[in-house]
Amino acid sequence: MSSSMSMVCGFLDGTIFSVEGGYRVLQHPRPERVFDRIADARWFLAVNWCDRCDSPAAILTHNGQLSFENQATRVVGEAEFLPFADRPHVFQAGLSAKPGQFACVNVCKPDERCSHQVKVTSLEIDPRYGPVAIVQAVAMGRLPERSPF
């Protein structure tokens, strides 16, 4: 039995390849798993990318919702990681980043100074729903004071 591949692509540190009946992800824990649509394979890799992060990480939608958050985000709390007021700005920063690159954004609470920084980039996972952004905390806690020198 021969197996032919007609498409192979990289996506978020993973590899998707077409097979008869759909798409496989090289990094999937069940190698026989076939996704019906490439968008489902991309979604798996986006979730997997967030899940592998030690720091808080999540998938942010255009309407400010976190459609997935990793365990570290659940520990600190999604509002602490990414306050609701900052989400539109963070999402737009991701859209303005060059393809394949992250933008860095300071996260600030209304009653405090900026508390940490996140890196963000937009992704096209499923064209039916538009872009999403993956967001990862770079440094939780206080940002260092700027030196006057």
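**Exercise 1. Place residue Asn106 in the sheet, starting from its partner in E7.**

Solution. Asn106 stands opposite Gln117 in E7. The model examined here is predicted. Asn106 belongs to the uncovered face of E6, together with Cys104 and Cys108. The covered face of E6 consists of Ala103, Val105 and Val107. E6 and E7 run antiparallel and are joined by 6 bridges.

**Exercise 2. Work out the strand order of the sheet and find its edges.**

Solution. Strands of a sheet pair through backbone hydrogen bonds, in a parallel or antiparallel manner. Here the sheet is open, has 5 strands in the order E5-E4-E8-E7-E6, and its pairing is antiparallel. Strand E5 (66–69) and strand E6 (103–108) are the edge strands, each pairing on one side only. Ignoring direction, neighbouring strands are turned by 30° against each other on average.

Further along the order, strand E4 (residues 57–60) is joined to strand E8 (residues 130–139) by 4 bridges, and the two run antiparallel. Within this pairing, Gln136 in E8 is the bridge partner of Ala57.

**Exercise 3. Determine which strands the helices H1 and H4 touch, and at what angle each runs to E7.**

Solution. Helix H1 (residues 38–52) packs on the sheet and touches E4, E5, strand E7 (114–126) and E8. The direction of H1 makes about 165° with that of E7. Helix H4 (residues 87–96) also packs on the sheet, touching E4, E5, E6, E7 and E8. For H4, the angle to the direction of E7 is about 55°.

**Exercise 4. Describe the surroundings of Ala46.**

Solution. Begin with the element: Ala46 lies in helix H1. Next, take the accessibility: its relative accessible area is 0%, so Ala46 is buried, the limit being under 20%. Then list the contacts: leaving aside neighbours within four places in sequence, Ala46 is in contact with Leu12, Ile59, Leu123 and Ile125. Last, take a distance: the C-alpha atoms of Ala46 and Phe68 are 9.2 Å apart, with the two positions 22 residues apart in sequence numbering.

**Exercise 5. Classify the aromatic pairs and state where their members lie.**

Solution. Searching the whole structure gives 2 aromatic pairs. For Phe35 and Phe44, the ring centres are 6.0 Å apart and the planes stand at 35°, so this pair is tilted. Phe35 is buried, at a relative accessible area of 6%.

Trp49 and Phe102 form a stacked pair, with 6.0 Å centre to centre and 20° between the planes. Since Trp49 lies in helix H1 and Phe102 in the loop between H4 and E6, the pair ties together parts that are 53 residues apart in sequence. Trp49 counts as buried at 9% relative accessibility, whereas Phe102, at 32%, is partly exposed.

**Exercise 6. Find the charged residues that sit over rings.**

Solution. Arg33 lies over the face of Phe35, at 4.1 Å from the ring centre. The charged end of Arg42 sits over the ring of Phe11, at 5.9 Å from the centre of that ring.

**Exercise 7. Account for the polar side chain of Thr121.**

Solution. Thr121 is located in strand E7. With a relative accessible area of 6%, Thr121 is buried. The side chain of Thr121 reaches the backbone oxygen of Gln101 at 2.7 Å. Not counting residues up to four places away in sequence, Thr121 touches Gly94, Ala97, Gln101, Phe102, Val132, Ala133 and Ile134. One of these contacts, Phe102, is the ring that stacks with Trp49.

Methods
Residues are numbered from 1 along each chain as its sequence is written. This is a predicted model: local features need pLDDT of at least 70, side-chain atom pairs count only at pLDDT 80 or more; totals for chains, interfaces and linings use all residues. Side-chain values use heavy atoms; hydrogens and water are left out. Two strands pair if DSSP finds at least two bridges between them. Axes are lines fitted to C-alpha atoms, for helices over the stretch in contact, and angles run from 0 to 180 degrees between N-to-C directions. Contact means heavy atoms within 4.5 Å. Rings of Phe, Tyr and Trp (its six-membered ring) pair if their centres lie within 6.5 Å; planes under 30 degrees apart count as stacked, over 60 as edge-to-face and the rest as tilted. Buried means under 20% relative accessible area, exposed over 50%, partly exposed in between (1.4 Å probe, protein chains only). A charge sits over a ring if NZ of Lys or CZ of Arg is within 6 Å of the ring centre and within 35 degrees of the ring normal. A polar contact is a pair of N or O atoms within 3.5 Å; within protein, one must be able to donate a hydrogen and the other to accept it, and residues adjacent in sequence count only if both atoms are side-chain atoms.
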